[in-house]
Amino acid sequence: MKTKRFWPVWLAVLLVLMLLGSALFVTRTSAAGQKYRWDIISVDFSTGTLSAGGHASAIANDGSSITLTGEGTFNAASNFGNLDVTGGGTWQTFDSSSNPTASGTYQVTSFVSFTVAPGTPPLPHDNIGNLKDNRAGLLFVTIQFSNGSTGVLTVSCHLVGTPNSVFEGIRVSMGFVDYWNGNPPPAPPANANRTTFHLLDGE
C-alpha cells in the first residue's frame with residue numbers, strides 16, 4: 001500500500017527531473033550554435049582585400065538571369081524555418097539578351113540549412129571581419145522579393161583547398177522561376193560572383 005501511495009510522488013519527481021534535463025540539453029545545444037555572416041563580396045585585387053557590397057548572378061533555363069547584392073546573418077544551429085535571421089539586398093532581372101526586365105529589393109525570411117566546407121582564405125586583407133574567421137560553405141535561406149514573389153537563396157563559397165564540387169556564387173528561385181545555373185567568378189580584375197562567410201565572435 002505504501003508503495004502504491006508514494007509511487008505518484010516519485011513519478012512526479014522523475015518527470016520534473018526529465019523536463020529539467022531536457023531544458024538544460026536544449027540550452028546547451030543552442031549555446032553551442034555558431035552565428036555566421038554571409039556576404040556577396042567585392043574584391044580589390046590591387047591590394048588583395050575583400051569587402052562587402054559585391055554582386056552575383058545566376059541563370060534560368062531560358063538564358064534569362066538575375067543579379068543580387070546582399071548580406072545577412074544566421075545561426076548555424078537553427079532548425080529548418082527558424083526566423084532568427086537577418087539580411088537582404090537588391091535584385092535585378094534580365095532577359096536572355098541581357099536587357100533589364102525588373103528590379104527591387106529582397107529580405108531573408110528564414111533559415112533552411114548551412115554546412116561548413118574546408119578551405120582557407122586566399123586574400124591577405126579582410127574588411128568584413130577577422131580573416132581567421134573566414135569560412136567556405138553552403139547556405140540555404142528563404143527570401144521575400146519586393147514584387148511579392150518568394151524564393152530560396154543559395155550562397156556557396158569556395159576557398160583555397162575547397163573541393164571543386166563546391167561552386168562559388170549564388171543560385172536563387174523567384175516564384176516558379178529557378179535561376180539554377182551560373183558563371184564562375186571572372187578572372188581579375190573583373191569583379192563578380194564571389195561570396196564569403198564569417199564566423200561571428202562573441203555571439
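The exercises below, each with a worked solution, concern the predicted model shown above.

Residues are numbered from 1 along each chain as its sequence is written. In this predicted model, local features need pLDDT of at least 70, side-chain atom pairs count only at pLDDT 80 or more, and totals for chains, interfaces and linings use all residues, while side-chain values use heavy atoms, with hydrogens and water left out.

**Exercise 1. Confidence**

Task: Establish what the mean pLDDT of the protein chain is, and over which residues pLDDT stays under 50.

Solution: Begin with the term itself, since pLDDT is the predictor's confidence in each residue, from 0 to 100. Its mean over the protein chain is 86, with 82% of the residues at 70 or more. Next turn to residues 1-32, where pLDDT stays under 50 and the model has 1 contact (heavy atoms within 4.5 Å) beyond four places in sequence.

**Exercise 2. Elements and strand pairing**

Task: Work out how many helices and strands the protein chain has, and which strands are joined to β6 by bridges.

Solution: Helices (H or I, at least four residues) and strands (E, at least two) are DSSP runs, numbered from the N terminus. By this count the protein chain has 1 helix and 13 strands, and from the N terminus on the helix is followed by the strands.

For the pairing, recall that two strands pair if DSSP finds at least two bridges between them. Strand β4 (residues 65-68) runs antiparallel to β6 (residues 85-94) and is joined to it by 4 bridges, with L68 opposite W91. Strand β5 (residues 71-75) is also antiparallel to β6, again with 4 bridges, and here E71 has G88 as its bridge partner. Finally, β6 and β7 (residues 100-117) pair in the antiparallel sense over 7 bridges, where F94 stands opposite P100.

**Exercise 3. Unusual backbone geometry**

Task: Determine where S98 and N193 lie, whether each is buried or exposed, and which residues a cis peptide bond joins.

Solution: As background, most residues other than glycine have a negative phi, and most peptide bonds are trans. S98 has a positive phi near 70 degrees and is found in the hairpin of β6 and β7, which has 5 residues between the strands. With a relative accessible area of 55%, S98 is exposed, because exposed means over 50%, buried under 20% and partly exposed in between (1.4 Å probe, protein chains only).

N193, in the loop between β12 and β13, likewise has a positive phi, of about 60 degrees, but at 8% relative accessibility N193 counts as buried. The loop between β12 (177-179) and β13 also holds P189, which a cis peptide bond with omega of about 10 degrees joins to P188.

**Exercise 4. A buried serine**

Task: Find in which strand S156 lies and with which residues S156 is in contact, leaving aside its neighbours within four places in sequence.

Solution: S156 lies in strand β10 (residues 150-157), and at 1% relative accessibility S156 counts as buried. Once neighbours within four places in sequence are set aside, its contacts are G137, L138, V166, F167, E168, G169 and T195.

For the chain as a whole, buried residues make up 37% of the 203 residues. Among contacts between residues at least 6 apart in sequence, 61% join residues at least 24 apart.
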